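Colleague: I'm new to reading protein models, so could you walk me through this one?

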Amino acid sequence: ELAGDRLKEGATDYLLKSRMVRLPTAVRRARAEAVERSERLRAEDEIRRLNSELSARVAQADQLLQEILEHSPMGISVKDIDGRFLLVSPRAAEFLRTPREQLVGKVVDQVIAPRIADIFRAHDRAVIQSRQAMTFEEPYLRENGLGVLAAHRFPLLNAAGDVYAIGCLSEDVTERKQRDDELKLAR
């Protein structure tokens with residue numbers, strides 16, 4: 001009974017006084033198990049430390065991404081291949097004249113004028129088909145009329161090399177386009 005109780009408490013072996021010849025084997029096995037247990041505990045501690053370090057790095061990367069989105073002078077957006085917004089910066093939301101919270105999860109048709117949405121979709125399709133970054137001049141609605149965006153669209157590829165999303169960096173080039181047009185007229 002005592003041996004059974006000790007095994008329940010964590011003992012891994014027991015010896016009867018009448019079988020002391022097993023003592024060297026039992027000691028070697030107990031030492032090997034102690035070393036193994038110690039190594040396992042050390043490995044578990046290392047895994048916990050690495051997980052903690054990884055979590056801190058992920059949180060830091062997430063914070064960095066949020067700061068880039070918040071402070072970028074360019075509009076930044078990411079859409080899946082069905083055209084659904086996954087990520088939108090405040091500047092991109094400003095260009096689309098829709099709050100960020102109302103953009104994520106929606107397709108472009110749901111948030112902007114149909115003709116402009118058609119242009120955006122066509123440009124997304126061109127990027128998906130070419131699997132190359134491309135720059136387009138795109139119209140957008142401003143408070144005082146129509147503006148022009150330089151939209152730098154690029155495909156995001158998964159490990160298999162398939163396009164799974166389209167990123168876009170946009171900047172307002174309306175004034176520059178107007179100056180270029182005025183300069184052309186002056187010449």
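What follows is a run of short questions with worked answers.

Modeller: Before we start, this is a predicted model, where local features need pLDDT of at least 70, side-chain atom pairs count only at pLDDT 80 or more, and totals for chains, interfaces and linings use all residues. Residues are numbered from 1 along each chain as its sequence is written, and side-chain values use heavy atoms, with hydrogens and water left out.

Colleague: How many helices and strands does the protein have?

Modeller: Helices (H or I, at least four residues) and strands (E, at least two) are DSSP runs, numbered from the N terminus. Read from that end, the elements go α-α-β-β-α-α-α-β-β-β-α. That gives six helices and five strands.

Colleague: What is the radius of gyration of the protein?

Modeller: Let's begin with the spans of the C-alpha trace along its principal axes, about 110 × 30 × 30 Å. The radius of gyration is taken over C-alpha atoms, and the globule rule is 2.2 Å times the number of residues to the power 0.38. For a compact globule of 187 residues you'd expect a value near 16 Å, but the protein has 32 Å.

Colleague: In what order do the five strands sit in the open sheet?

Modeller: Two strands pair if DSSP finds at least two bridges between them. E2 and E3 stand at the edges with a single partner strand each, so one side of each has no neighbour in the sheet. The pairing is antiparallel, and the order is E2-E1-E5-E4-E3.

Colleague: Which residue in E5 is the bridge partner of glycine 75?

Modeller: Strand E1 covers residues 75-80 and strand E5 covers residues 163-172. These two run antiparallel and are joined by six bridges. In E5, glycine 75 is partnered by serine 170.

Colleague: Is alanine 165 buried or exposed?

Modeller: Alanine 165 lies in strand E5. Contact means heavy atoms within 4.5 Å, and, leaving aside neighbours within four places in sequence, alanine 165 is in contact with Val78, Lys79, Asp80, Ile81, Leu86, Phe154, Pro155 and Leu156. Buried means under 20% relative accessible area, exposed over 50%, and partly exposed in between (1.4 Å probe, protein chains only). With a relative accessible area of 0%, alanine 165 is buried.

Colleague: Which elements each supply at least two residues of the largest nonpolar core?

Modeller: A nonpolar core is a set of buried Ala, Val, Leu, Ile, Met, Phe, Trp, Tyr and Cys residues joined through side-chain atoms within 4.5 Å. The largest one here has 12 residues, including Phe85, Val88, Leu96, Ile112 and Phe120. The elements that each supply at least two of its residues are strand E2 (85-88), helix H3 (90-96) and helix H5 (114-130).

Colleague: At about what angle does H5 run to E3?

Modeller: Axes are lines fitted to C-alpha atoms, for helices over the stretch in contact, and angles run from 0 to 180 degrees between N-to-C directions. H5 lies across E1, E3, strand E4 (145-157) and E5. Its angle to E3 is about 165 degrees.

Colleague: Which residues are joined with Arg49 into one network by salt bridges that share partners?

Modeller: A salt bridge is a side-chain nitrogen of Lys or Arg within 4 Å of a carboxyl oxygen of Asp or Glu. Arginine 49 meets glutamate 46 at 2.6 Å, N to O, and glutamate 53 at 3.0 Å, N to O. Arginine 49 and glutamate 46 are three residues apart in helix H2 (residues 23-71), so about one helical turn separates them. Salt bridges that share partners join Arg49 into one network with Glu46, Glu53 and Arg57.

Colleague: How many residues apart are glutamate 137 and lysine 177?

Modeller: The side chains of glutamate 137 and lysine 177 meet in a salt bridge of 3.1 Å, N to O. The pair links distant parts of the chain, with glutamate 137 in strand E3 (residues 134-142), lysine 177 in helix H6 (residues 174-186), and a separation of 40 residues.

Colleague: What is phi of arginine 131 near?

Modeller: Most residues other than glycine have a negative phi. Arginine 131 sits in the loop between H5 and E3. Its phi is a positive value in a residue other than glycine, near 60 degrees.
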